[in-house]
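Biologist: Show me the model, please. I want to know how each label is earned.

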There are 2 protein chains.
Amino acid sequence: MENISDNVRSQMRKGVLEYCILSILDRKEAYASSILEELKAANMIVVEGTLYPLLIREKNQGLLSYRWEESTQGPPRKYYCITEKGRGQLREMDAAWQEIVETINTLKK
Amino acid sequence: MENISDNVRSQMRKGVLEYCILSILDRKEAYASSILEELKAANMIVVEGTLYPLLIREKNQGLLSYRWEESTQGPPRKYYCITEKGRGQLREMDAAWQEIVETINTLKK
DNA sequence: TAATAGTACCTTGTGTTGCAAGGTAATTGA
DNA sequence: TCAATTACCTTGCAACACAAGGTACTATTA
């Protein structure tokens, strides 16, 4: 039972996810499950199988770092935070995003 | 010689391209080379190897149709135009795009 | 104390997509 | 007739999102 709208949304947000993650972590550090919640609250549903590899990729690129922290309720959490390099990347993505928004506006005019 | 900014842009516009193509063809029919020019004018550089498979995919999905037309200067051109189904998809993409823009705004606030 | 539920982590395999780097065919002009 | 131009298209690769699994730790409860 495949919903076309889901497919459209899924395709369209490809590549924007990394931007979302960096934007979230630019404000405060967070662990995967809390990032999922924040994305969900912002109306962008993402599943674990998408998020974890993405976080690992960004960490390997030096855009993120992490530390372990014990939790009072459950297993330890891996808190990610953005690096200086990550902030640089984020600034580039801000520019790229603006450009895309303007491109769409141009084409829709 | 790989430019990081190019990579960022390339990743970010994944999935948005189909939206751009449908938006362009919603206004008037066009052939591949003219679509490439229009995208370039709107600041979204795309290459042939990306565009042709995309047009074929959309045609196979019934979103587009085409007709051949002789050209006064060069080989015949394949003019694509959007179908009723394509317009339906475009309306869904309009909604999806608005949603993504709002998501980014929420996360950047 | 054994079993269950909840939380948090991660991996594998698949399909889609964008791109680089090729190629074919028709027309025009030198 | 042969190079340039315009227009079409294909193949192989890498990156990405997702479905569908899995492991490990903690708290609850029977």
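Modeller: This is a predicted model. The area buried between chain A and chain B is about 3500 Å². Carbon and sulfur atoms give 65% of that area. A:M12, A:W97 and A:L107 supply 21% of what chain A buries against chain B, more than any other three residues.

Biologist: How many residues does each chain bring to the contact?

Modeller: Chain A brings 36 residues, and chain B brings 36.

Biologist: Why is the pair A:K108 and B:D94 called a salt bridge?

Modeller: The N to O distance between their side chains is 2.9 Å. The cut-off is 4 Å, from a Lys or Arg side-chain nitrogen to an Asp or Glu carboxyl oxygen, so the pair qualifies. The count between chain A and chain B is 2 salt bridges. Polar contacts there number 10 residue pairs.

Biologist: Which element gives the most to the side of chain A that touches chain B?

Modeller: α5(A) does, with 15 residues. By class, that side of chain A has 18 nonpolar, 8 polar and 10 charged residues.

Biologist: Now the DNA. What makes B:Y52 a polar contact of strand D?

Modeller: A polar side-chain atom of B:Y52 lies 2.6 Å from a phosphate oxygen of DNA strand D. The limit is 3.5 Å between N or O atoms, so B:Y52 passes. B:R77 also passes, because its polar side-chain atom lies 2.7 Å from a phosphate oxygen of DNA strand D.

Biologist: And A:T72: side chain or backbone?

Modeller: Backbone: an N or O atom of A:T72 lies 3.3 Å from a phosphate oxygen of DNA strand D. That is within 3.5 Å, so A:T72 counts too.

Note on methods. Residues numbered from 1 in each chain as written. Chains lettered and ligands numbered in written order. Predicted model: local features only at pLDDT ≥ 70, side-chain atom pairs only at ≥ 80, totals over all residues. Heavy atoms only, no water. Polar contact = N/O pair within 3.5 Å; in protein donor to acceptor, adjacent residues only side chain to side chain. Contact = heavy atoms within 4.5 Å. Buried area = accessible area lost by both parts, 1.4 Å probe. Helix = DSSP H or I, 4+ residues; strand = E, 2+ residues; numbered from the N terminus. Nonpolar A, V, L, I, M, F, W, Y, C, P; charged D, E, K, R; others polar.
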